[in-house]
Amino acid sequence: MISYPSRHCTVELQALPSRIGQVRRIVSAQLRYWHLDALIDRASLGVTELLSNVHRHAQPDKTCTVEIELLLDRLTVSVRDHDPRMPVVDDAEPLATCGRGLAMVAAMSESWGVRPDGESGKVVWFTLPTSSAPVAAASRRARRTVLEKPARRFAEVGHTADGLRPEHAPARSAVAG
């Protein structure tokens, strides 16, 4: 079931790998509809990690509900499942291929958490600020404007009176963007 009220979207699903991509597309489409394109990558990453955790860890079943809600200047993405066990954020080994999902959600979101949902379930959620979405777009436009200016090919370095030590030259990045 999918519902699209003006500022709320709910998707119920089995957290199977084939369905996770569908939910990402639904989240992306909803954020485009709300003109929050700048949040699509982070929201998609977060919902992917939360659904992957349901697929990997939830018992007795993989049924879950994804909700995205836009309130004032916050987007909240939550995943409700039927497993009452709370997730644990572990320090993954440097070469580990899994175990970083919640740490990534914490790093890319404004806030995140988990709460019990009745006697047999939980809700894991994260928030993203929507006020940075227009700022990010303006920043990209400003960066494009700066990059259109011709750059000098080599840094000009002046010499001190003793001729041994160059004067400080401002650092320049060789990477665009």
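Which residues of helix α3 (residues 101–108) are buried? In this predicted model, the buried residues of α3 are G101, L102, V105 and M108. They cover an arc of only 135 degrees around the axis, so they sit on the same side of α3. The elements they pack against are α2, β5 (111–116) and β6 (122–129).

**Overall content**

The chain contains 4 helices and 6 strands. Along the sequence these elements follow the pattern β-β-α-α-β-β-α-β-β-α. Of the 177 residues in the chain, 31% are buried. Among contacts between residues at least 6 apart in sequence, 57% join residues at least 24 apart.

**The α1 and α2 pair**

Two packed helices are described by the angle between their axes and the distance between the axes. Helix α1 (residues 17–33) packs with helix α2 (residues 40–57) at an angle of about 150 degrees, and their axes are 9 Å apart. Because angles over 145 degrees count as roughly antiparallel, α1 is roughly antiparallel to α2. The crossing of α1 and α2 is right-handed.

On the α1 side, the contact involves P17, I20, V23, R24, V27, S28, L31 and R32. These meet I40, A43, S44, V47, T48, L51, S52 and H55 in α2. By class, the residues of this contact divide into 9 nonpolar, 5 polar and 2 charged.

**Backbone exceptions in loops**

Most residues other than glycine have a negative phi, and most peptide bonds are trans. Which residues in the loops next to α1 and β3 depart from this in phi, and where does a cis bond occur? H35 and L72 each have a positive phi in a residue other than glycine, and the peptide bond from Q59 to P60 is cis, with omega near 10 degrees.

The two residues with positive phi are set out below.

| Residue | Phi | Loop | Relative accessible area |
|---|---|---|---|
| H35 | near 60 degrees | between α1 and α2 | 69% |
| L72 | near 50 degrees | between β3 (63–71) and β4 (74–81) | 87% |

H35 is exposed, because its relative accessible area of 69% is over the 50% cut-off. L72 is exposed as well, with a relative accessible area of 87%. The loop that holds H35 connects the two helices α1 and α2, whereas L72 lies between the strands β3 and β4. As for the cis bond, P60 lies in the loop between α2 and β3.

Notes
Residues numbered from 1 in each chain as written. Predicted model: local features only at pLDDT ≥ 70, side-chain atom pairs only at ≥ 80, totals over all residues. Heavy atoms only, no water. Axes fitted to C-alpha atoms, helices over the stretch in contact; angles between N-to-C directions. Parallel < 35°, antiparallel > 145°, perpendicular 65-115°, else oblique. Left-handed = near helix turned anticlockwise from the far one by under 90°. Contact = heavy atoms within 4.5 Å. Nonpolar A, V, L, I, M, F, W, Y, C, P; charged D, E, K, R; others polar. Buried < 20%, exposed > 50% of the residue type's maximum accessible area, 1.4 Å probe, protein only. Arc of directions from axis to C-beta.
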